[in-house]
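Here are some short exercises to work through, each with a solution in steps. Have your viewer ready and try each task before reading on.

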Amino acid sequence: MSAPSPNRIPVHDVDATKKRIHPRFTDGFYQRIRVFSMYFLLALFLILPWIKYDGRQAIWFDVPSQHYYIFGLTLFPQDFFFVAAFFIIAAFTLFMVTVYAGRVWCGYACPQTIWVHLFQHVEKWVIGDRNKRIKFDKEPNSASKIAKKLLIYFIWMLMSLITASTFVSYVSGTEALYGSWQSIGGIPFPDWPTWVWISMFIFTFATYANAAYMREFMCIHICPYGRFQSVMFDKDTLIVSYDYNRGEPRGPRKKGTHPETLGDCIDCTMCVQVCPTGIDIRDGLQVECIQCAACVDACNDIMDKVGYPRGLIRYTTERQLVENEPSRYLRPKLFAYLLLLSVLIGVVGYALIDRVPLQIDVRGDRNQLSSMNAEGQIVNSYIIKVTNKTQAPHDYVLSITAPKGFTLNTRFESIPLDAGESYDMPVSIAADPQAIEQTEVPVVFNIDSKDGNYHASRTNVFTSQSQK
């Protein structure tokens, strides 16, 4: 066989089939932190919809009614500023953390990582550890293998349904989601609106597809953060790295010995076996690395067993590892992020404190600017929208501040509103033509709670021009 042409790149593997990665589960300092972080966030996600505050679900994004409850805070569509500000603050916080500590969000808190870790544990419970799972994949189908697969799929589907119902409960409310039942042929069946069924299907499918099948492909090929996070790295960013100078040349050796021709790496491949994305950290920093530090704990355990110092694989920086200089943890880029975050949080905090718990909006009747009534008065019609942003019901009274001779006409003496309720009320103002000194007269609409605790006002114009 002739040698390949030097001008051609030999293709060693043209198989694009997705190969299942079965990481070995390890223990250690970083893995204990990681497991606590992941399952604390998972528990928080599952428990929060069941927490009550003032007789209502504490966190409830009631999209159909356009009311968004976050403990004692009620937001409306016109308060979208706060939602946008929250996401901006979260994004810049993530950027700052990335500059300082790399991709730790992916390894310790990302939902994709949490659910994949949980789904892989199901495989471990049913089949066994890494070697048994690899062997299981290669075995021909049998009754035992099919039964174990079906059990795994059933547990995965159950987890996906629980995840989907929790997501939907943040929007529909737990009482509506779990308390609405109907009987079909004597069998209890959820009585949900169409949008709930569609949402349940989407979230169930997405959870199952991502955690059971996509797994590390989501982190490597789809997630945008995995692509742009490396742009934010600098020489002082903490990353999981292999100490090449100390470890090479690698090679096996007898326990208790250290040949002079070899480095500290015994080439046990344990760092590769525990990696959830299947990379070899000894090849250098890679976009697939989610900085879970499983390789750090696994390598430290091996170093303890062979009697070598820990830290062959560790959290370090390029400046420290390559240039052998102290890392500069306090640097201008971090201070810039801190300053920006402080300003953003300060502005949002002030806006929340200064937020008016009562809102009034006034719009004139578009069909007719003004008209004349039987008494010879000029009449303007308006739609008054009153929104009670407090967490308690109140009765409100509407009044106007206008020149003498202007009269407010309304059907109600007071407006009773529940917590978070809005009401559109048609009203009119009648004025004696002799009291009108100009074509457009400013009129202030006032809304006050009967207990005197809340007040809001809005200025509009009264026009004496009739529509032709």
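**Exercise 1.** What joins the side chains of Glu248 and Tyr242?

*Solution.* A polar contact of 2.6 Å joins them; such a contact is a pair of N or O atoms within 3.5 Å, where within protein one must be able to donate a hydrogen and the other to accept it, and residues adjacent in sequence count only if both atoms are side-chain atoms. Next, place Glu248: it sits in the loop between α11 (244-247) and α12 (270-273). Glu248 is buried at 18% relative accessibility (buried is under 20% relative accessible area, exposed over 50%, partly exposed in between, with a 1.4 Å probe and protein chains only).

A note on the model: it is predicted, so local features need pLDDT of at least 70 and side-chain atom pairs pLDDT 80 or more, while totals for chains, interfaces and linings use all residues. Residues are numbered from 1 along each chain as its sequence is written, and side-chain values use heavy atoms, without hydrogens and water.

**Exercise 2.** Find how many disulfides the model has, and explain the count for Cys219 and Cys275.

*Solution.* Start from the rule: a disulfide is a pair of cysteine sulfur atoms within 2.5 Å. For Cys219, the closest cysteine sulfur belongs to Cys110 and is 6.0 Å away, so it is too far for a bond. For Cys275, the closest cysteine sulfur is in Cys292, at 6.0 Å, again too far for a bond. The count is zero disulfides. As a last step, check burial: Cys219 is buried, with a relative accessible area of 11%, and Cys275 is buried at 12%.

Terms used. Helices (H or I, at least four residues) and strands (E, at least two) are DSSP runs, numbered from the N terminus.
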